[in-house]
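Work through the exercises below with the sequence and the model side by side. Try each task before reading its solution.

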Amino acid sequence: MAHYLDYNCLMNGVNHLDELDSRSFFLCPVCLRKLRFRLAFDVGKRFEDLRRFCLARGLQPDAAWSARKFAEKP
Ligand SMILES: [Zn+2]
């Protein structure tokens, strides 16, 4: 799947460990739309699952981000 550099996205390539560590582990809207089209998953459920995953691992900022996205779901 092609990736774009307009967003900080899980699909962005990395050249070294610092880039890997600073990269988001979330998909940008473009990649999310592509995967949703191909895999036909429920975006709201995905964000809720991500929120729970992040909370269980002590990643509160990421859990809050997922909760906001869940509230904005299309
Ligand atoms: Zn992307």
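**Exercise 1.** Find which residues coordinate the zinc ion, and describe how they are spaced in sequence.

*Solution.* Begin at the metal: in this predicted model, the zinc ion is coordinated by the SG atoms of C9, C28 and C31, at 2.2 to 2.3 Å (donors are N, O and S atoms within 2.8 Å of the metal, or 3.2 Å for Na, K and Ca, and water is not among the atoms, so sites may look incomplete). Next, read along the chain, where the donor residues follow the spacing C-x18-C-x2-C. Finally, place two of them: C9 lies in the segment before α1 (17-22), while C28 lies in the loop between α1 and α2 (29-39), so this pair ties together parts that are 19 residues apart in sequence (helices are DSSP runs of H or I with at least four residues, numbered from the N terminus).

Residues are numbered from 1 along each chain as its sequence is written. Because the model is predicted, local features need pLDDT of at least 70 and side-chain atom pairs pLDDT 80 or more, totals for chains, interfaces and linings use all residues, and side-chain values use heavy atoms, without hydrogens and water.

**Exercise 2.** Decide how many disulfides the structure holds, and whether C28 and C54 are buried or exposed.

*Solution.* The count of disulfides, meaning pairs of cysteine sulfur atoms within 2.5 Å, is 0. C54 is in no disulfide, and its nearest cysteine sulfur, that of C9, is 15 Å away. As for accessibility, C28 is buried at a relative accessible area of 3%, and C54 is buried at 0% (buried means under 20%, exposed over 50%, partly exposed in between, with a 1.4 Å probe and protein chains only).

Note on methods. Helix = DSSP H or I, 4+ residues; strand = E, 2+ residues; numbered from the N terminus.
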